[in-house]
Each structure stands twice: as C-alpha cells, then as structure tokens.
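Let us walk through this structure step by step, beginning with the order of its elements and ending with a pair of charged side chains.

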Amino acid sequence: MQQTIQINLKRFKNFLGFSKSYLIRNNPIKAFINETVAIVKDMLSINKKRKLAKYRLNYQMYKLNQMEKLIAANNDHVFLRGNKFNEMR
C-alpha cells in the first residue's frame, strides 16, 4: 500500500515537472499578449493598408485605360476611331 502511494506521488511529481516545463516553454499569457498586440497593430494600420490598396487599384486602372486607348488608336474599326469617322463625314 505504501509502495503504491509512493509510486503515485512520484508520477504526480513527474507530471507537475513536465507541466511546469511546458508552461515555461509555451507561456499562454505571453502568447495571448502577443496576439492582442498584433491585432491592435493591424487595427491601427488598416487605414494605411486601405490607401495602399486604393493606390494600386487606381494605378492598374490607369494602365488598363492606356492599353485600351492604344488598342483603339491602332484599330481600323470606325466606331473606335473618332477622327477617322469625322473625316468620312
């Protein structure tokens, strides 16, 4: 009986040692704090990210319009070239 109690106490002590080591390596409080700080940083920088995305979108739309104008200028269709249509009239 006494030997069983000693074995169980030894196992429990080992378990507490493993738990302590795990909590030291992977501190849940530090992880929670780091995650909260990351969320706050994202919330504060979302306006900057929105402006950057808007700039990129406007730049791509500008390039698309340039390409459309270039294609329309080199196309033989009358409805795409106003100058040629006016000359024919």
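Read from the N terminus onward, the elements of this chain follow the order α-α-α-α, and the tally is accordingly four helices and zero strands. Please keep in mind throughout that this is a predicted model.

A next step is to ask how much of the chain is covered. Of its 89 residues, 1% count as buried, and the surface that the chain exposes comes to about 9100 Å², of which 63% is supplied by carbon and sulfur atoms.

Helix α2 is a good place to look in detail. It covers residues 28-44, which makes 17 residues, and the distance from its first C-alpha to its last is 24 Å, close to the 24 Å expected at 1.5 Å a residue. At the start of α2, a side-chain oxygen belonging to N27 comes to within 3.2 Å of the backbone nitrogen of I29.

I29 also takes part in another feature, for together with F32, I33 and V37 it makes a nonpolar surface patch of about 420 Å². Among these residues, F32 is found in helix α2. Is F32 buried or exposed? With a relative accessible area of 59%, F32 counts as exposed, because the cut-off for that word is over 50%.

Finally, we turn to charged side chains. The structure holds one salt bridge, and in it the side chains of K49 and D42 meet, with a distance of 3.5 Å from N to O. How exposed are the two partners, K49 and D42? K49 has a relative accessible area of 47% and is partly exposed, while D42, with a relative accessible area of 42%, is partly exposed as well. Both values fall in between the limits of 20% and 50%, which is why neither residue is called buried or exposed.

Methods
Residues are numbered from 1 along each chain as its sequence is written. This is a predicted model: local features need pLDDT of at least 70, side-chain atom pairs count only at pLDDT 80 or more; totals for chains, interfaces and linings use all residues. Side-chain values use heavy atoms; hydrogens and water are left out. Helices (H or I, at least four residues) and strands (E, at least two) are DSSP runs, numbered from the N terminus. Buried means under 20% relative accessible area, exposed over 50%, partly exposed in between (1.4 Å probe, protein chains only). Accessible areas come from the Shrake-Rupley method with a 1.4 Å probe; for residues, only the protein chains shown count as cover. The expected span of a helix is 1.5 Å times one less than its number of residues. A polar contact is a pair of N or O atoms within 3.5 Å; within protein, one must be able to donate a hydrogen and the other to accept it, and residues adjacent in sequence count only if both atoms are side-chain atoms. Patches are made of residues with over 30% relative accessible area and no salt bridge: like charges are joined within 9 Å, nonpolar side chains (Val, Leu, Ile, Met, Phe, Trp, Tyr) within 5 Å. A salt bridge is a side-chain nitrogen of Lys or Arg within 4 Å of a carboxyl oxygen of Asp or Glu.
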